[in-house]
Amino acid sequence: MNRLSRWYGESPLQLPLLAASFALAGYAGVRLLENDPWAVAVWFVGAALVHDLLLVPVYSLADVAAQKALGDRSRRTTMYVRVPAFLSGLLLVWFPLITRARADHFALVTGHSGDAFLPRWLLLTAALFAASALWFVAVTFLAPASPWRQARRARREERARERERERQRRKETKERPPSDH
């Protein structure tokens with residue numbers, strides 16, 4: 001076992017797991033290319049080009065705009081926008097059905113109408129952003145260790161110290177004899 005680890009460099013379990021995942025991906029690729037390999041290849045190349053040349057710059061610009069709008073230099077608050085946007089973007093796998101571009105084909109194959117995809121996607125996106133906003137409020141304002149509560153507690157403690165100093169100063173001036181004696 002030790003000899004295999006030295007030769008391979010990783011856990012002995014990693015090699016069979018990688019082999020199994022490559023076998024599964026190969027099987028899925030063979031099944032995918034079985035019907036119309038040309039259309040699948042065109043779709044794959046087109047999707048890669050559209051993603052890399054069009055969508056990545058859009059993601060980057062949207063992220064920069066969100067950072068500037070939220071005014072956060074540490075990028076912690078932008079995560080509350082990034083995560084629901086990313087999850088909503090993952091749902092765009094069904095983009096042809098959401099835009100009803102393939103609704104007739106969907107209805108022909110499944111027997112169901114494709115009209116529900118756009119409202120459901122919008123509802124899920126709204127729910128994701130609402131959940132993220134609630135989480136942001138809970139973490140920022142309601143959690144005991146939130147920065148907002150800590151700052152509020154620090155201000156309250158500072159005011160209490162200032163009142164105590166003022167009380168102490170009044171007490172000292174009343175007990176001190178006049179300076180002319």
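This is a short chat about a predicted model, covering its largest pocket, a helix pair and two residues in helix α8.

Visitor: Before we start, what are the ground rules for this model?
Guide: It's predicted: local features need pLDDT of at least 70, side-chain atom pairs count only at pLDDT 80 or more, and totals for chains, interfaces and linings use all residues. Residues are numbered from 1 along each chain as its sequence is written, and side-chain values use heavy atoms, leaving out hydrogens and water.

Visitor: OK, what volume does the largest pocket have?
Guide: About 940 Å³. A pocket here is an open set of points on a 1 Å grid over the protein atoms alone, where a 1.4 Å probe fits, with protein on both sides within 12 Å along at least five of seven lines. The volume is the space filled by probe spheres set on the points.

Visitor: Which residues lie nearest its centre?
Guide: H51, L55, Y59, G89 and L92, out of 25 lining residues, meaning those with an atom within 4 Å of a point.

Visitor: And which helix gives the most to that lining?
Guide: α3, with twelve residues. α3 (37-70), α4 (79-90) and α5 (95-98) each supply at least two. Helices are DSSP runs (H or I, at least four residues), numbered from the N terminus.

Visitor: Switching topic: how do α4 and α7 pack?
Guide: At an angle of about 160 degrees, with axes 9 Å apart; axes are lines fitted to C-alpha atoms over the stretch in contact, and angles run from 0 to 180 degrees between N-to-C directions. The two are therefore roughly antiparallel (over 145 degrees).

Visitor: Last one: are R169 and E166 buried or exposed?
Guide: In between. R169, in helix α8 (residues 147-175), is partly exposed at 44% relative accessible area. E166, also in α8, is partly exposed at 22%. Partly exposed sits between buried (under 20%) and exposed (over 50%), using a 1.4 Å probe and protein chains only.

Technical notes. Parallel < 35°, antiparallel > 145°, perpendicular 65-115°, else oblique.
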